[in-house]
Amino acid sequence: MDLKIPRIEIRRTSSDSQLDKPNIQKSAVYNIHGLGGSQASLSIPAIHKDVPGYRGSNEFILSDGKKSTMDHLREVGPWCRRKYQQVFRKKILYKRVPVLSWLPKYNTDDFVGDLVAGFTVGLTVIPQALAYSSIAGLPAAYGLYGSFLGCFVYIFLGSSKDVPMGPTAIASLLTFQATQGVWQKAVLLCFLSGVVELLMGLFGLGFLIDFVSGPVSSGFTSAAAFIILSSQVKDLLGITAKGNTFVQQWKSIFADIHHTQLGDAVMGFTCIVVLLLMRLLPRLKVGPPDADQQTTLQKIVNKTLWLVGTARNAIIVIVCGAIGFAMYTEGQDPPFKMIGDVPSGLPAVQPPPFSIPEVVDEAGVVIQEAQSFGDMFSSLGSMLIVIPLIALLEDIAICKAFADGKSVDATQELIAIGVSNIANSFVQGYPGTGALSRGAVNNASGVRTPFGGLYTGIIVILALLFFTPYFFYIPKAALAAIIIAAVVFMVELRVVKPMWRSKKADLIPGLSCFIACLALPIEYGILVGIGLNILSILYHAARPKIHMDQLITPCGIKYLMLTPDRSLIFPSSDFVRNLINKHGLKNQTPVVIDCTHIYGADFTAAQVIDTLIKDFKSRNQMLLFLNPKPSVCSVFEGAELEYRVFYDMEHLEKAIQEIRRKSFQA
């Protein structure tokens, strides 16, 4: 009969319940319920002459025919409107501008918590920014330039209250390896990294960090800690050394170690010891462990110990700067090297440099060659991808560490750090992200919302406006000591033992990444670790496990049940075919492939299965399929395979008996 209903739903009647077991090779009859309440019968034949039952889900939707080109064109407008409504919704706006969610609920308690945390983090940021600049090979001021505007931007776009935007040790190291201390390249790298991060966020590419496994991340972080530590040894000893890799740095250090300056060495090692001891102060408690039972004096003492331990970097910088000021005499060499002049005031707000002019000294010697944007872009190379990925990795580590069970939105964090870096590039900052050490201080200080970044940024601005003349006297050895005392705790030795107990194979990509990062440029080391991880995943995908069971039908016919434990894709297809053929030849009994765990297949797998079916057919051996998913059947049907499927053990065994009986009769 000719049905004119444009869309009808097919529902099975109670009498059709046995159709869940597609062993019926005749047509199945369904009741059709139209939109107007009318009913009609529809006969659906079997999908293939050798395939009983039906393919797909148990619910069918029929349409009245193909649509014309004009019909498709008419649907473009409504489709665009639907997409517009999905994107420009209040829920999406609140998700992409998180400040709209928490600002209306901001109260006095939030203000006090954010003020204390912002001030405490500010005391941590200033010495770290000065120190990290030396890792990046830039003048000290550039660390401060990248430490305030990003904090303001993150207030509006950041999804975590604990992330303090600014330079980090690893980002500084990667910046140095990409720019070799040329500030124009560092600022341009900040801009381009921000653009890449923003685009990754807009296109939802936050999942890319899933390709950096825990062992690889640990190996990279540990290697970066060793490289950063090595880069500071020259300032610790007052010598000259350079190099991009760990090996190059230590070769240079040993070549010049005989020029070690006693004043720098004493200052540096003393600061390291003091910093490590001050690190223990927050753990000391006076009085009862329970704060409610402590007296007012005990609470004040405990808070003071915590504040001194937390602000240890700032205290060391102030004390060592005072020593440098006291011992400095104009016209005479100081007993240790100092930072030197730091430009006073805020940086000029201007676009990042897209070219480098030629610089010639008074004698006409070219100090710095001119470079176009193309030259600068090509010299940055793979760091334009590596730095955004590592920045996201560091940022997400903070978010997860203090998430308190809440989900972390990697896409929103990419957008936040991307826009922050773009903004920083307009005030001559270099690439930054959230630092785990500052995040821990932020959380321990009782931060309540991202608004704490406002006070941190204000403190950095005040330092640039009023205190830069005093930065001149800060010893470089003291800043080197701050970095070394911090990065030694980045070496993740604690993960080796659990990894060894859990899965020893995970040590291979982790150790390989660690060694490669020390011996090669760090971006290649990361690729080595990720590459080994991907090879491991591909190997396991190419070598699925197949469980074998010898079963017997009620009539005593033996058959072999083979159960692959994962999907069939092109790397594993030939392996599975050879393994099934091997077991089939060995047993010479009917073979059933249980597809319960096969959640997907591709065309290559379908071709291999077709060959496998022909292999069994050529030797008159039975090959049947049990419980294939609709998606798998769809791939097999598209490749025009002639196969038999069952969804019920009773009907499967009856079919084996029937086919065996017919073969004996023949």
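Strands E9 and E10 form a hairpin with 5 residues between them, and in the turn Gly-556 has a positive phi of about 90 degrees. Strands here are DSSP runs of E with at least two residues, and helices are runs of H or I with at least four, both numbered from the N terminus. The model is predicted, so local features need pLDDT of at least 70 and side-chain atom pairs pLDDT 80 or more, while totals for chains, interfaces and linings use all residues. Residues are numbered from 1 along each chain as its sequence is written, and side-chain values use heavy atoms, without hydrogens and water.

The hairpin belongs to an open sheet of 5 strands with mixed pairing, in the order E9-E10-E11-E12-E13. Two strands count as paired if DSSP finds at least two bridges between them. Strand E9 (546-552) and strand E13 (645-646) are the edges; each has a single partner strand, so one side of each lacks a neighbour in the sheet. Two of the pairings are set out below.

| Strand pair | Sense | Bridges | Residues opposite each other |
|---|---|---|---|
| E9 and E10 (residues 558-564) | antiparallel | 7 bridges | Met-548 and Leu-562 of E10 |
| E11 (residues 591-594) and E12 (residues 623-626) | parallel | 4 bridges | Val-592 and Leu-624 of E12 |

Helix H25 (residues 603-618) packs on this sheet and touches E11 and E12, where contact means heavy atoms within 4.5 Å. The direction of H25 makes about 135 degrees with that of E12. Axes are lines fitted to C-alpha atoms, for helices over the stretch in contact, and angles between N-to-C directions run from 0 to 180 degrees.

Elsewhere, helix H12 (residues 262-278) packs with helix H14 (residues 312-327) at about 150 degrees, the axes being 10 Å apart. H12 and H14 are therefore roughly antiparallel, a term for angles over 145 degrees. The crossing of H12 past H14 is right-handed, meaning that the near helix is turned clockwise from the far one by less than a right angle. H12 contributes Met-267, Cys-271, Val-274, Leu-275 and Met-278 to the contact, and H14 contributes Arg-312, Asn-313, Ile-315, Ile-316, Cys-320 and Ile-323.

The whole structure has 20 aromatic pairs, defined by ring centres within 6.5 Å. In one of them, the ring centres of Phe-191 and Phe-426 lie 6.3 Å apart with planes at 75 degrees, so the pair is edge-to-face, the term for planes over 60 degrees apart. Phe-191 is in helix H9 (residues 183-202) and Phe-426 in the loop between helix H17 (410-425) and strand E8 (433-434), 235 residues apart.

Definitions and conventions: Angles under 35 degrees count as roughly parallel, over 145 as roughly antiparallel, 65 to 115 as roughly perpendicular and the rest as oblique. Rings of Phe, Tyr and Trp (its six-membered ring) pair if their centres lie within 6.5 Å; planes under 30 degrees apart count as stacked, over 60 as edge-to-face and the rest as tilted.
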